[in-house]
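Student: I'm new to this one and would like to look closely at a single part. Could you walk me through it once it's on screen?

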Amino acid sequence: MPRGAGGGPKTEKGRAIARLNALKDGMTSNSPVIPELEDEDAWQRHLDGFLESYAPQGFVEEFLAKRLATLGWRFHRCTRSEVAATMRHIESTAMEMGIAANYLSGTDEIVQPALENVRERQLGRLLPSDYDLDRTMRYETHIHRQFVQILHELEALQARRRGEKTHLARLDISSPPP
């Protein structure tokens, strides 16, 4: 059957699902919202806040302000990810202590760790695991560098538009020299 000759979904529900196929990897999306996990209305409020704060004029300023909003949204996502990783780390405490207690008991009986011992251990897990913490910090650092660089570009562009002098070169102090 030739392409486009009626091989697609037949029902309205099927067509609605198929419309999202192009968004699966997010590469063609105009929104940084992860479907079914994040709120499109919250994103729109977030974006509107950035556009109101920076009051861009012209295509390039608007592009840079929207880029800042996207990076700000990723900062929020990073925080949510860190909280989720920390919760997983905390919630696994009882199971890990139970496994260790059962292993050390040397019997076939299931040993449950004392609740007060679990709570004490959980308090020591208020940070995510080293792997999750390292990954989160690298991601935040990357986003921060992009945010600062784009913010400087937007501010310089707006200053030039207002007739103010700007430095041709701006120094990125977010990381030490190589």
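Student: Are α2 and α3 parallel or oblique to each other? Please take a close look at that pair and at what surrounds it.

Tutor: Happy to. Keep in mind that this is a predicted model. Let's get our bearings before zooming in. The chain has five helices and zero strands, so to speak a plain α-α-α-α-α run when you read from the N terminus. Of its 178 residues, 23% count as buried. Looking at contacts with a separation of 6 or more, 64% are between residues 24 or more positions apart.

Now for your pair. Helix α2 covers residues 40-54, and helix α3 covers residues 59-105. Their axes come within 9 Å and cross at roughly 135 degrees. An angle counts as roughly antiparallel over 145, and α2 and α3 are therefore oblique to each other. The crossing of these two helices is right-handed. On the α2 side, the contact is made by Ala42, Trp43, His46, Leu47, Phe50, Leu51 and Tyr54. Facing them from α3 are Glu62, Ala65, Lys66, Leu68, Ala69, Thr70, Gly72, Trp73 and His76.

Trp43 is a good residue to click on. Leaving aside its neighbours within four places in sequence, Trp43 is in contact with Ala69, Thr70 and Trp73, and also with Ser31, Pro32 and Val33. Trp43 turns up again in the largest nonpolar core, which has 15 residues. There, Trp43, Leu68 and Phe147 touch the most other members. Helices α2, α3 and α5 (130-161) each supply at least two residues of this core, and the largest share, six residues, comes from α3.

For a contrast, try Glu52, which is also in helix α2. Glu52 has a relative accessible area of 67%, so it is exposed. You can also find Ala65 from here: Glu52 and Ala65 are 13 residues apart along the chain, and their C-alpha atoms are separated by 9.5 Å.

Next, follow α3 to its other partners. With α5, the packing angle is about 160 degrees and the axes are 9 Å apart. That angle makes α3 roughly antiparallel to α5, and α3 passes α5 in a left-handed crossing. With helix α4 (residues 115-123), the angle is about 135 degrees, again with axes 9 Å apart. So α3 is oblique to α4, and their crossing is right-handed. Here α3 brings Ile90, Thr93, Ala94 and Met97 to the contact, while α4 brings Asn117, Val118, Arg121 and Gln122.

One last stop on α3 is Thr86. Its relative accessible area is 10%, so Thr86 is buried. A polar atom of the Thr86 side chain lies 2.9 Å from the backbone oxygen of Glu82. Not counting residues up to four places away in sequence, Thr86 touches Arg125, Leu126, Leu127 and Pro128.

To come back to your question: α2 and α3 are oblique to each other, and the contact between them includes Trp43 of α2 and Leu68 of α3.

Note on methods. Residues are numbered from 1 along each chain as its sequence is written. This is a predicted model: local features need pLDDT of at least 70, side-chain atom pairs count only at pLDDT 80 or more; totals for chains, interfaces and linings use all residues. Side-chain values use heavy atoms; hydrogens and water are left out. Helices (H or I, at least four residues) and strands (E, at least two) are DSSP runs, numbered from the N terminus. Buried means under 20% relative accessible area, exposed over 50%, partly exposed in between (1.4 Å probe, protein chains only). A polar contact is a pair of N or O atoms within 3.5 Å; within protein, one must be able to donate a hydrogen and the other to accept it, and residues adjacent in sequence count only if both atoms are side-chain atoms. Contact means heavy atoms within 4.5 Å. A nonpolar core is a set of buried Ala, Val, Leu, Ile, Met, Phe, Trp, Tyr and Cys residues joined through side-chain atoms within 4.5 Å. Axes are lines fitted to C-alpha atoms, for helices over the stretch in contact, and angles run from 0 to 180 degrees between N-to-C directions. Angles under 35 degrees count as roughly parallel, over 145 as roughly antiparallel, 65 to 115 as roughly perpendicular and the rest as oblique. A crossing is left-handed if the near helix is turned anticlockwise from the far one by less than a right angle, and right-handed if clockwise.
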